[in-house]
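Biologist: Could you walk me through where the ligands sit in this model, one question at a time?

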Amino acid sequence: MLPSAGIIKILCESLQKFPVKALVVDPVMVSTSGDSLSDPSTLTYYRDELFAMADIVTPNVKEASKLLGGVSLHTIADMRDAAESIYKFGPRYVLVKGGDMPDSSEAIDVFYDGKEFVELRGHRIKTRNTHGTGCTLASSIAAELAKGSSMLNAVQVAKNFVESALHHSKDLVIGNGPQGPFDHLFRLRCPPYNIGSQQRFNPDSLFLYAVTDSRMNKRWGHSIEDAVKAAIEGGATIVQLREKDIESRAFLEAAKACMDICKSSGVPLLINDRVDIALACNADGVHVGQSDISAREVRKLLGPGKIIGVSCKTPAQAEQAWRDGADYLGCGGVFPTTTKANNPTLGFEGLKAVCLASKLPVVAIGGINATNAGSVMELGLPNLKGVAVVSALFDRECVSTETRNLRSILTSVRCLA
Ligand SMILES: Cc1ncc(COP(=O)(O)OP(=O)(O)O)c(N)n1
Ligand SMILES: Cc1nc(C(=O)O)sc1CCOP(=O)(O)O
Ligand SMILES: [Mg+2]
């Protein structure tokens with residue numbers, strides 16, 4: 001809550017001096033009960049100074065209206081127009097929250113990235129215990145960004161959290177005011193299966209990322225299913241089907257079988273390049289490179305709940321991937337590889353440059369094996385979450401043994417860190 005122009009000015013100066021990785025601005029100007037919480041002179045400073053520094057601005061409809069000189073906002077179309085106008089003040093994303101729109105059975109928020117709108121729909125929970133929902137949403141977005149989420153994913157997870165918290169606190173009776181507080185710690189009281197079905201991407205799953213290769217499987221007489229089963233048995237934490245020489249029908253059949261295997265082990269399954277196969281087998285996500293369909297398009301096709309990874313070799317590509325809604329980056333080739341033709345080698349310096357430039361979690365790829373995986377993780381880059389490996393796991397007779405060995409090397413580096 002920034003009640004005066006002077007305080008906003010000092011905040012902006014401090015942010016210039018000490019830049020933060022992600023800035024969520026919740027322009028707290030009007031309380032849910034209608035009280036004004038900042039003096040009118042703050043408007044100019046919000047719009048001209050603070051918003052330009054923000055990654056996302058999250059006004060409710062009353063605040064959006066105030067920011068735009070009192071325009072009335074009654075419909076989703078009005079909220080879209082407001083998001084577009086607020087975007088022009090300079091933030092990278094805008095979320096106009098519709099929780100206080102009257103006469104709707106849903107709580108619809110409008111998310112805007114400067115090009116497209118996403119309507120985020122949630123249940124309207126009937127309760128007086130709504131005090132602090134906006135602050136909670138903004139804080140939850142910030143927490144998800146700190147964990148490495150893309151913006152849309154962070155907003156979706158935060159919205160789910162607020163919805164679940166409201167649901168679990170709806171019957172609390174605390175205090176006498178028109179609004180009551182809600183319980184942020186509700187999860188301590190409920191088993192995990194009660195807190196909503198939203199699937200969440202856990203960046204730690206990038207720790208040992210197994211990427212299949214049909215030629216290698218053929219060479220060793222392994223089916224895709226057997227190779228995936230063995231990799232999971234050895235401790236792979238995520239699997240990508242990268243099948244370049246297989247017909248679509250056979251690919252889909254194998255992908256469906258691998259989904260069953262991965263699901264029963266709780267290991268996410270991603271599909272390389274092929275959004276159609278991912279949709280048809282309901283995979284957990286897709287990995288795309290710089291010459292594939294863009295992450296932005298993939299996000300449109302898969303929706304907010306799926307995992308999207310993007311191959312990046314430069315900070316600029318990493319920035320674009322984040323803007324496009326990616327969940328993680330694959331960065332390589334760290335070492336020379338023969339698995340992918342004509343793949344430039346970035347070395348540790350290239351990997352470091354991409355990691356340092358991005359808020360997203362990163363998995364290193366290219367020529368990584370049991371001899372050098374430790375040195376990659378010893379770089380100690382906070383968002384470097386793991387290694388992705390093809391030949392050192394799959395161009396081998398015993399995939400489970402190779403995976404187990406690599407996992408134990410990675411674990412020992414993690415224990416020392
Ligand atoms: C985890 C991971 N990182 C990078 C890639 C490479 O993707 P791309 O550049 O699109 O090349 P192909 O794999 O499609 O040949 C990847 N697949 N996985
Ligand atoms: C699929 C892929 N992508 C790369 C990139 O640099 O983006 S390197 C690569 C192949 C990695 O295979 P291996 O573990 O056998 O070296
Ligand atoms: Mg690709």
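Biologist: Happy to start with space: what volume lies in the second largest pocket?
Modeller: Keep in mind that this is a predicted model. Its second largest pocket is lined by 36 residues, and those closest to the centre are Arg 242, Ser 311, Lys 340, Asn 343 and Ile 365. The space in that pocket comes to about 630 Å³.

Biologist: Which element gives the largest share of the lining of the second largest pocket?
Modeller: Several elements give two or more residues to this lining, among them strand S6 (208-211), strand S10 (307-312), strand S13 (384-389) and helix H15 (391-394). Strand S11 (328-332) is also in that group. The largest share, four residues, belongs to S11.

Biologist: And by class, how many residues of that lining are nonpolar, polar and charged?
Modeller: Glycine is counted among the polar residues here. With that in mind, the lining of the second largest pocket has 13 nonpolar, 17 polar and six charged residues.

Biologist: Now for the guests: where does ligand 1 sit, and which elements give two or more residues to its shell?
Modeller: The space that ligand 1 takes is the second largest pocket. The elements that give two or more residues to the shell around ligand 1 are S9 and S12.

Biologist: Which side chain has a polar atom 2.6 Å from an oxygen atom of ligand 1?
Modeller: There are 15 residues around ligand 1, and the nearest are Arg 242, Lys 244, Asp 292, Ser 311 and Lys 340. For Lys 244, a polar side-chain atom lies 2.8 Å from a ligand 1 oxygen, and for Asn 272 a side-chain N or O atom is 3.0 Å from one. The side chain with the 2.6 Å distance is that of Arg 242.

Biologist: How much of the area that ligand 1 exposes on its own does the protein bury?
Modeller: The shell around ligand 1 has four nonpolar, six polar and five charged residues. Taken alone, ligand 1 exposes 420 Å², and the share of this buried by the protein is 90%.

Biologist: Which pocket holds ligand 2?
Modeller: Ligand 2 has 14 residues around it, and the closest are Thr 337, Thr 339, Asn 343, Gly 367 and Ser 391. Of these, Asn 343 is also among the residues closest to the centre of the second largest pocket. That is indeed where ligand 2 sits: the second largest pocket.

Biologist: Which residue places a backbone N or O atom 2.9 Å from an oxygen atom of ligand 2?
Modeller: Side chains make contacts with ligand 2 oxygens too: a polar atom of Thr 337 lies 2.6 Å away, and an N or O atom of Lys 313 is 3.1 Å away. The backbone atom at 2.9 Å belongs to Gly 333.

Biologist: What share of the accessible area of ligand 2 does the protein cover?
Modeller: The shell of ligand 2 consists of three nonpolar, eight polar and three charged residues. On its own, ligand 2 has 430 Å² of accessible area, and the protein covers 95%.

Biologist: Back to Gly 333: is the peptide bond from Gly 332 to Gly 333 cis or trans?
Modeller: Gly 333 lies in the loop between S11 and helix H13 (347-357). Most peptide bonds are trans. With omega near -5°, however, the bond from Gly 332 to Gly 333 is cis.

Biologist: One last backbone question: what is the phi of Asn 282?
Modeller: Asn 282 is in the loop between helix H10 (275-281) and S9. Most residues other than glycine have a negative phi. Asn 282 is not a glycine, yet its phi is positive, at about 55°.

How values were computed. Residues are numbered from 1 along each chain as its sequence is written. Chains are lettered from A and ligands numbered from 1 in the order in which they are written. This is a predicted model: local features need pLDDT of at least 70, side-chain atom pairs count only at pLDDT 80 or more; totals for chains, interfaces and linings use all residues. Side-chain values use heavy atoms; hydrogens and water are left out. On a 1 Å grid over the protein atoms alone, a cavity is a set of points where a 1.4 Å probe fits but cannot get out, and a pocket is an open set with protein on both sides within 12 Å along at least five of seven lines; lining residues have an atom within 4 Å of a point. Grid points are joined across faces, edges and corners, and a volume is the space filled by probe spheres set on the points. A residue is near a molecule or strand if one of its heavy atoms lies within 4 Å of it. A polar contact is a pair of N or O atoms within 3.5 Å; within protein, one must be able to donate a hydrogen and the other to accept it, and residues adjacent in sequence count only if both atoms are side-chain atoms. Accessible areas come from the Shrake-Rupley method with a 1.4 Å probe; for residues, only the protein chains shown count as cover. A molecule sits in a cavity or pocket if more than half of its atoms lie within 2 Å of its grid points.
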